[in-house]
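Me: I would like to go through this structure by way of questions, with each answer reasoned out before it is given. Could we begin with the strands and then move on to the other parts?

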Amino acid sequence: DSEHLESTLNILNVLDELLSAGTDRRIHYMIAKGGSEALLTALVSAARAPSPNFSMLVPVMHLLAKVGHRDRNIGQKAEKMEAVLLTLDLLRQNVKHARRAAACLWLLQVFCSSISTATLLGKNGALDIVFKLISPYTTKHTRMSTVKGGFTLKHMSSVFFPDANSRCAVAKGYISGLLRLYEDWHHRDMGNGYVTMCKALLRCLQHATNTSAARAAVVAEGGMGLLFHTTQSCLDNKGLESLVDAAVQLMRKCYPKCPVPLRSGYSAYMFPLPGSSDDDSNDGNRNDDQSSRDYDDDLETDLKKLRVKPEPDRPMEELGQYVELCPELHCDFQDLDSGSEEEESSDEEILLCGKNSTFKSAPRGLIDQERDGLTDHLRARDLHNHYLNSYKAKEDTPGMVDRLLEKHGPCIPHHDPRTYAAAAARTNSVAGYSILAFPDFWGHLPPCCQELMAERKPKVQRERVFEDILRYLHPEDLINKVVFDLEDPSSQVNSEHSGSLRFFSKFESGNLRKAVHVRSHEYDLILNADANCSQHHQWFYFEVSGMKANVPYRFNIINCEKANSQFNYGMQPVLYSVREALEGKPHWVRAGSNICYYRNHFCPVHNQNGSSSAYYTLTFTVTFQHTDDVCYLAYHYPYTYSALQSHLQQLRKSVDQRKVFFQQQSLCNTIAGNPCPLVTITACPPSRSWRDLQQLRNRPYVVLTARVHPGESNASWVMKGTLEFLCSDDPAAKTLREAYIFKIIPMLNPDGVINGMHRCSLNGEDLNRQWMKPDPNLSPTIYHAKGLLYYLNTTGRSPLVFCDYHGHSRKKNVFLYGCSVKETLWQSGSAVDTASLKEDPGYRTISKTLDRIAPAFAFNSCNYLVEKSREATARVVVWREMGVLRSYTMESTYNGCDQGIFKGLQIGTRELEEMGMKFCQSLLSLRRSTMLYNRKLISQPCTLYDLDDKLQDHKSHNSFEDDEPPCVEEIEYLNDCCPEYNEDMLDQEVNSNAFSSEDEEENDKPRSSLQHPERKPRLIPCFMHRTSLEALSVKRSSCQSNDITNNT
Ligand SMILES: [Zn+2]
């Protein structure tokens, strides 16, 4: 009856009035109190009436759309109350009534937020209705129907989303239908209305192509060409950007998957492993990129695990072997008394050999070799043949290198090419490298100027993607010639005089597997997987020659694996030119333009339809300065194992052995038989007196390690800075040597570094996930590094500080990860009462100091959380098992800084080395007795110790998330790039529909709602307010506590 109707309308008005004011909190409150159910009940009972009253039904639907849009469970609720199909029926019956149909469409859109609801609608013919509601331009082309059709589609696009509906769309030919409609609208109507329609059609296609059948249907129907050509005609129109973006995303999504052109996805380098205690040593599908994990679930909240030290992983009797690795504790410093510096034996003594007898003879051989000059003629000649021929040098004698050095001799501190070549000659690689990469051999000096981050050109990715799509549309235009193949040397010979660039990577740390000449100045490059595995493509290092000057060459590395990269945020690869080096500029420089990183259409060899495994393209364009130069391109400044070995030799030669105790030993041999260097640095005692020797032996230990991840060459440059500083004459360095004994393992993963790997060691495992129970055969360096730490621990000499240097691929700046029980519990929201837990806050001292003294360091990026996924890392194991309070991972960016004086600059080796120095200097802050030196280094030394810990909030520094904002262009194509309707947009549209009356059908132009700035768009005009409120108060007094649903 009419009174009843009026009351209901009044209630709806008041509700709308209440919900339109303020924030969404009221709506959420209403949802929590059963508001959605109440409105659904109202809807269902009104719609089931023999002749539904639309003057009430429409406002109910409007309000339900507004509320339901904010209710995550609206789909299930609607299904449960049988409102879904009822609404669909209402739509069916009212396709001719625009206002009613619109209300139904909003509601269905809101219901479709649940996949199961969308599936239900699909099964019940919703797709057919959608196609009934829209019509081709050719049959009906008034402006009104354009808007209305677009409107319908926009709201119903999510009905295509469920797999079942997508398959149904394929079966019924709707994919083809949508494409034809798109083509039709695109070609005929260039007015405004067509954008809405085209966008809505693309949105439907985007949703519908979630199944491979639907993507195949798009391709089979000529969708790629259609979308490409229609898009090209829109490029100049700024107003059509979003349409172009949507079409590009759709083309990327439908681009047929193509396996990378390799015979096998497994690494070209396979290495037989020694017997192992457990045999699943091969690479599985482990994905230790934790980005996919739920971060908060990953925090360790088990107090026992956080506080209790586990049992040792080996019998303690074994630790005796590590006595030898602590010569500083047994050395009697006879030289100090003899005063003779010229002792013949000193060299051999310095190279004290570790426990590994097979290595014992090697260092002596090394020394002989060095004395004889460059004895290894074979390698010298190979080196010469390789790059000097191509450089067209005239001379061809073994003395060539010497002469070159004489002529061009770069003055690179701590580097001597001959020492490098000798060190490289002893390095064991899986492939048996016989050629040196020139930059490693010749050396690198940081360029004089710091390098700005690259600016990203707008729409650069779109341009690159168009070129990729053209490959599909016009395969006949491609050269597709293999010009380099690690496994097939003949490919190179064939490309000698072909006009193609020449590539090479069979040298230490090199890892290009294949190069394909695609178009005249474009090459696809495929990286080698980590040895004995099929994953971890990211690091790259290769040589390129045969170029012409001033021609832009596009390089695409097509099998990258990470989901995002700093290459999207200003980072450039590094380039080294032999020509420039010989002209006195031996620099790795940042190079490359048009850089971007995005998901491509390639997939792993044996995974052609698996959508989970995707590859990404890193593309960049390089314009070389010189014709026929030999250049090297790398992910980051290379630092090889041979570079480390020769650096350590140079360093040893540089120190005053009477003042600096510098000893290099071998921690152990790697699987491939390369010694893993262990360096001990401390100050020699002033005399051999008992007191002085005791002082030395009582110095706290500082244990530093680096490069467990071979792709993180930045960590080696930081370590180089640390080593050089500790060996230097700097007064702070002297104080540090007098205060501490430094035990340094500069390269925990020599085999990985040598063989150009990114993440693993030869066993196909991430060594930084082995620390809990390292296998002595498969992870010997970790096993013995841990053994040495156990030894120190059991003799009461647990290190004061442990730090493992790493590189971070997704963040800027340099920062520390440490371990804190309290912070972990706080962050996890654990119920454990942390107030009663005692924890020394000293774990923050170093980061606080670094924040003051190291420009690249960012305190805000540090965190001290113990994650379950990291429980087998060095940092956590050394903290938990060795009781080292200050146990860290130091992460250095590959890119640059976004704060401090380096803001906006890419990081170079100078800054990385400086970071290594600053880390050492920060150790001074741990010693009150060294205040004097602190004062020199740090302007306000006193505050160092007194910094209030409470100043620090415990806000989440999520170590797994990118710090970067979303990339300007979509890296992925699976995501829907057209943003979902936000709530206010829906409110506004609902509102405008509320104004229109049934007889205003033809006037579809959305009205701007009369909005108070602080109000939400409202359903019903304000002038109704007072009367509604009055009506409500009457109602309230008459039926006190009744639920409003009972009144309908
Ligand atoms: Zn790392």
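**Strands, metal site, cores and rings**

Reply: In this predicted model, Ser545 stands opposite Val630 in β14, and that pairing is a convenient place to start.

Me: In which sense do β7 and β14 run, and how many bridges join them?
Reply: Ser545, which faces Val630 of β14, falls within the range of strand β7, residues 541-545. The two strands run antiparallel, and the number of bridges joining them is five.

Me: Which residue stands opposite Leu633 in β14?
Reply: Strand β14 also pairs with β9 (residues 574-577), again in the antiparallel sense, over four bridges. Within this pairing, the residue opposite Leu633 is Leu575.

Me: Which residues of β14 point the other way from Val630, Tyr632 and Ala634?
Reply: Strand β14 covers residues 630-634, and five of its five residues are buried. Both of its sides are therefore covered, given that buried means under 20% relative accessible area. Val630, Tyr632 and Ala634 point one way, and the residues that point the other way are Cys631 and Leu633.

Me: Is the site of the zinc ion regular or irregular?
Reply: The zinc ion is coordinated by His709 through ND1, by Glu712 through two OE atoms and by His806 through ND1, at 2.1 to 2.2 Å. Four donors would count as tetrahedral if all angles lay between 85 and 135 degrees. The angles among these four donor atoms are 59 to 149°, and the site is irregular.

Me: How many residues apart are His709 and His806?
Reply: The donor residues follow the spacing H-x2-E-x93-H in sequence. His709 lies in the loop between β17 and α31, whereas His806 belongs to strand β19, so that the pair links distant parts of the chain, and the two are apart by 97 residues.

Me: Is His806 buried or exposed?
Reply: The cut-off for buried is under 20% relative accessible area. His709, at 3% relative accessibility, counts as buried. With His806 also at 3%, the class that applies is buried.

Me: Which element gives the most residues to the largest nonpolar core?
Reply: The largest nonpolar core has 130 residues, of which Phe503, Phe555 and Phe919 touch the most other members. Seven residues of this core come from the element that gives the most, namely α31.

Me: How many residues are in the other core, which includes Leu243?
Reply: Leu243 is one of the buried residues of α16, a helix that is largely enclosed by the rest of the structure because 11 of its 14 residues are buried. Cys198, Tyr255 and Ile469 are also among the members of this core, which lies apart from the largest one and whose size is 99 residues.

Me: How are the rings of Phe441 and Trp442 classed?
Reply: This is one of 36 aromatic pairs in the count. The ring centres of Phe441 and Trp442 are 6.3 Å apart and their planes stand at 40°, so the pair is tilted.

Me: And how are the rings of Tyr805 and Phe919 classed?
Reply: Tyr805 lies in strand β19 and Phe919 in helix α38, so the pair ties together parts that are 114 residues apart in sequence. Tyr805 is buried at 1% relative accessibility, and Phe919 is buried with a relative accessible area of 0%. Their ring centres are 5.8 Å apart with planes at 75°, so the pair is edge-to-face.

Technical notes. Residues are numbered from 1 along each chain as its sequence is written. This is a predicted model: local features need pLDDT of at least 70, side-chain atom pairs count only at pLDDT 80 or more; totals for chains, interfaces and linings use all residues. Side-chain values use heavy atoms; hydrogens and water are left out. Donors are N, O and S atoms within 2.8 Å of the metal (3.2 Å for Na, K and Ca); water is not among the atoms, so sites may look incomplete. Four donors count as tetrahedral if all angles lie between 85 and 135 degrees; four count as square planar and six as octahedral if opposite donors are over 155 degrees apart and all others between 65 and 115; anything else is irregular. Buried means under 20% relative accessible area, exposed over 50%, partly exposed in between (1.4 Å probe, protein chains only). A nonpolar core is a set of buried Ala, Val, Leu, Ile, Met, Phe, Trp, Tyr and Cys residues joined through side-chain atoms within 4.5 Å. Two strands pair if DSSP finds at least two bridges between them. Rings of Phe, Tyr and Trp (its six-membered ring) pair if their centres lie within 6.5 Å; planes under 30 degrees apart count as stacked, over 60 as edge-to-face and the rest as tilted.
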